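Hi,

Here is the structure I promised to pass on to you. Have a look at it first, and then read on for what turned up in it.

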Amino acid sequence: MRIQLTDVTISYEDSGALLPASQPTILFIHGYPLSRELWKPQMSDLAGSARLLSPDLRGFGESGATPGPYSMELLADDCIAFLDQLGVVQPVIICGLSMGGYIAFALFRKYPMRVGGLILAATRAAGDSLEAKTNRDKAIVLAEKEGVEAIVRLMLPKMLASRTYTSRHELVEHVRSILLSASVPGITGVLAGMRDRPDSTSLLSQIEVPTLLIFGEEDQFALQPEVEAIRHSIRGAKLHWIPDAGHLPNLEQPAIFNSLVQEYLATFTKHR
Ligand code: MLT
């Protein structure tokens, strides 16, 4: 399905608006440099429990691309324009993976009334260090000079758990094909946006919605002490580490990921 926002076309999947109004809506926000394909195992298995929406962010998957930079706030604005166009005005659960988590923080900062719950996967609250900012600039130059394939060569070896690389070739190739669907403006746009994103650490104590944190035990981007600090700062947050998963726990271990979401949804619905 496609929807036209002011300056860009967004492709998305919607599991259906026909569930009873008492059922929550989950907005899935993918990470970098991925697409809504990331959420396939959730879109198929969780459809009976909530309305599930998964857009391709601008510059990724089948959505249109515009010249960058794409700040996390711009991408949060896109999410709200997308929800508005679908007539979803009640608060939704935001499920963001990695950069999707940065966008979830931007949504919480700018549109707190639209956020009814948070599922944060493989993400960070801190902003980029100076070294990380320099690496973003290098990656921008690489993408501009050598294209999407060079970024895929850089990113693919960092995304998954060691056992996934050695024994699950189909999954590795699937992730490669998702990464290859990104566009150069999308890649450079969000690299600049992530480089300049604000530190969200001070926001954490203001989060009062039910929050579930899910991380892969072998995530190369999210380090344990930092993740524990996020859990301590968000009141009542529940944290789960998934074994044999790296940066994409929902794809590498979908059964575990989905059962955690189901459990979360059960308490979420009870407490509404
Ligand atoms: C992501 O998966 O979205 C990225 O690894 C986030 C980042 O580079 O900070």
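I94 is a residue of strand 5, which covers residues 92–97. Before going further, please keep in mind that this is a predicted model. Is I94 buried or exposed? With a relative accessible area of 2%, I94 is buried, because anything under 20% counts that way. If you follow the chain from I94 to F28, you pass over a separation of 66 residues in sequence, yet the two C-alpha atoms are 6.2 Å apart in space.

Two other pairs can be looked at in the same way. H232 belongs to helix 9, residues 224–233. H232 has a relative accessibility of 63%, and since the cut-off for exposed is over 50%, H232 counts as exposed. Its partner here is S205: 27 residues separate H232 and S205 in sequence, and 8.9 Å separates them in space, C-alpha to C-alpha. R197 sits in the loop that runs between helix 8 (184–195) and strand 7 (211–216). At 7% relative accessibility, R197 counts as buried. R197 and G16 are 181 residues apart along the chain, and their C-alpha atoms are separated by 33 Å.

Now to the ligand, which I expect you will want to see on screen. Where does the ligand sit? You will find the ligand in the largest pocket. Around the ligand are G31, Y32, S98, M99, Y102, R136, M194, F221 and H247. Sorted by type, the residues of this shell are five nonpolar, three polar and one charged.

Some of these neighbours come up again when you look at the oxygen atoms of the ligand:

- M99 has a polar backbone atom 2.8 Å from an oxygen atom of the ligand.
- R136 has an N or O atom in its side chain that is 2.8 Å from an oxygen atom of the ligand.
- H247 has a polar side-chain atom that lies 2.7 Å from an oxygen atom of the ligand.

How much of the ligand does the protein bury? Taken alone, the ligand exposes 270 Å², and the protein buries 95% of that.

Next come two polar contacts between side chains, each involving a buried loop residue. R114 is in the loop between helix 3 (99–110) and strand 6 (115–121). R114 has a relative accessible area of 15%, so it falls under the 20% limit and is buried. The side chain of R114 makes a polar contact of 2.7 Å with the side chain of D84. T66 has its place in the loop between strand 4 (51–55) and helix 2 (72–86). T66 counts as buried too, at 12% relative accessibility. Which side chain does T66 contact? That of R58, through a polar contact of 2.9 Å.

The backbone has a few points to check as well. Two peptide bonds are worth a look. The bond from Y32 to P33 is cis, with omega near -10°, and P33 lies in the loop between strand 3 (25–29) and helix 1 (40–45). Y32, on the other side of that bond, is also one of the residues surrounding the ligand. The bond from G68 to P69 is cis as well, with omega near -5°. P69 lies in the loop between strand 4 and helix 2, where T66 is also placed.

Finally, there are two residues with a positive phi. A122 is not a glycine, but its phi is near 50°. A122 is found in the loop between strand 6 and helix 4 (130–146), and with a relative accessible area of 1% it is buried. D244 is not a glycine either, and its phi is positive at about 55°. The loop that holds D244 runs between strand 8 (238–242) and helix 10 (249–252). Why does D244 count as partly exposed? Its relative accessible area is 26%, so D244 is neither under 20%, as buried requires, nor over 50%, as exposed requires.

Best wishes

Note on methods. Residues are numbered from 1 along each chain as its sequence is written. This is a predicted model: local features need pLDDT of at least 70, side-chain atom pairs count only at pLDDT 80 or more; totals for chains, interfaces and linings use all residues. Side-chain values use heavy atoms; hydrogens and water are left out. A residue is near a molecule or strand if one of its heavy atoms lies within 4 Å of it. A polar contact is a pair of N or O atoms within 3.5 Å; within protein, one must be able to donate a hydrogen and the other to accept it, and residues adjacent in sequence count only if both atoms are side-chain atoms. Accessible areas come from the Shrake-Rupley method with a 1.4 Å probe; for residues, only the protein chains shown count as cover. On a 1 Å grid over the protein atoms alone, a cavity is a set of points where a 1.4 Å probe fits but cannot get out, and a pocket is an open set with protein on both sides within 12 Å along at least five of seven lines; lining residues have an atom within 4 Å of a point. A molecule sits in a cavity or pocket if more than half of its atoms lie within 2 Å of its grid points. Ala, Val, Leu, Ile, Met, Phe, Trp, Tyr, Cys and Pro count as nonpolar, Asp, Glu, Lys and Arg as charged, and the others, Gly among them, as polar. Helices (H or I, at least four residues) and strands (E, at least two) are DSSP runs, numbered from the N terminus. Buried means under 20% relative accessible area, exposed over 50%, partly exposed in between (1.4 Å probe, protein chains only).
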